[in-house]
Amino acid sequence: MLFTPTGTFYSKVQFKTEEEVEKVVVRNFKLLFGDYSILLPKSLIRTSGGKGTVPDGIIVDFKGNR
């Protein structure tokens with residue numbers, strides 16, 4: 001269990017599937033990653049060689065330019 005200084009209560013939960021975790025992240029991405037975050041839909045990314053994957057996430061640090 002975790003209580004924040006503002007009185008918010010969080011408890012540990014066990015997810016049954018990865019899709020369940022993804023739904024929680026999509027619904028709460030601003031809370032999890034901040035107001036300056038954007039969420040792009042999952043999609044296949046291909047290399048110039050034709051190989052592809054669907055990444056779990058991509059982070060771009062504009063302040064750190066990386």
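Here are some notes on this structure, which is a predicted model.

1. Start with the overall layout. The protein chain has two helices and four strands. Following the sequence from start to end, you meet them in the order β-β-α-α-β-β.

2. Next, the overall shape. The C-alpha trace covers about 50 × 35 × 15 Å along its principal axes. The radius of gyration is 16 Å, whereas a compact globule of 66 residues would come out near 11 Å. Keep that pair of values in mind when you turn the model around on screen.

3. How much of the chain is buried? Just 3% of the 66 residues count as buried. The protein chain exposes about 6,700 Å², and carbon and sulfur atoms supply 60% of that area. As for contacts with a separation of 6 or more, 3% of them join residues 24 or more positions apart.

4. Now for the charged side chains. A search of the whole structure turns up one salt bridge. Its partners are Lys-42 and Glu-22, with the closest N and O atoms 3.0 Å apart. The pair ties together distant parts of the chain, 20 residues apart: Glu-22 belongs to helix H1 (residues 18-27), while Lys-42 sits in the loop between helix H2 (29-33) and S3.

5. Are the two partners of that bridge equally open to the outside? Going by category, no: Lys-42 counts as exposed because its relative accessibility is 53%, and the cut-off for exposed is over 50%. Glu-22 has 25% relative accessibility, so this residue counts as partly exposed.

6. Stay in the loop between H2 and S3, and look at Ser-37, which is placed there. Is Ser-37 buried or exposed? Ser-37 counts as buried because its relative accessibility is 12%, and buried means under 20%. A polar atom of the Ser-37 side chain lies 2.6 Å from the backbone oxygen of Gly-34. Leaving aside residues up to four places away in sequence, Ser-37 touches Phe-29 and Lys-30.

7. Further along, Ser-43 also has its place in the loop between H2 and S3. With 44% relative accessibility, Ser-43 counts as partly exposed. What does Ser-43 touch, not counting residues up to four places away in sequence? The answer is Thr-53, Val-54 and Pro-55. Thr-17 is another matter: Ser-43 and Thr-17 are 26 residues apart in sequence, and their C-alpha atoms are 19 Å apart in space.

8. Leu-44 is in the loop between H2 and S3 too. Its relative accessible area is 47%, so Leu-44 is partly exposed. Beyond residues up to four places away in sequence, Leu-44 touches Gly-52, Thr-53 and Val-54. Thr-53 and Val-54 are thus touched by Leu-44 and also by Ser-43. From Leu-44 to Thr-17, 27 residues apart along the chain, the C-alpha separation is 21 Å.

9. Last stop: strand S3 (residues 45-46), where Ile-45 is found. Which residues form a nonpolar patch on the surface with Ile-45? They are Ile-58, Val-60 and Phe-62, and the four together have about 460 Å² of accessible area. Ile-45 itself is partly exposed because its relative accessible area is 40%; the patch takes in residues with over 30%.

Notes
Residues numbered from 1 in each chain as written. Predicted model: local features only at pLDDT ≥ 70, side-chain atom pairs only at ≥ 80, totals over all residues. Heavy atoms only, no water. Patch = residues over 30% accessible without salt bridge, like charges linked within 9 Å, V, L, I, M, F, W, Y side chains within 5 Å. Areas by Shrake-Rupley, 256 points an atom, 1.4 Å probe, with all protein chains shown as cover. Buried < 20%, exposed > 50% of the residue type's maximum accessible area, 1.4 Å probe, protein only. Rg over C-alpha atoms; globule rule 2.2 N^0.38 Å. Contact = heavy atoms within 4.5 Å. Polar contact = N/O pair within 3.5 Å; in protein donor to acceptor, adjacent residues only side chain to side chain.
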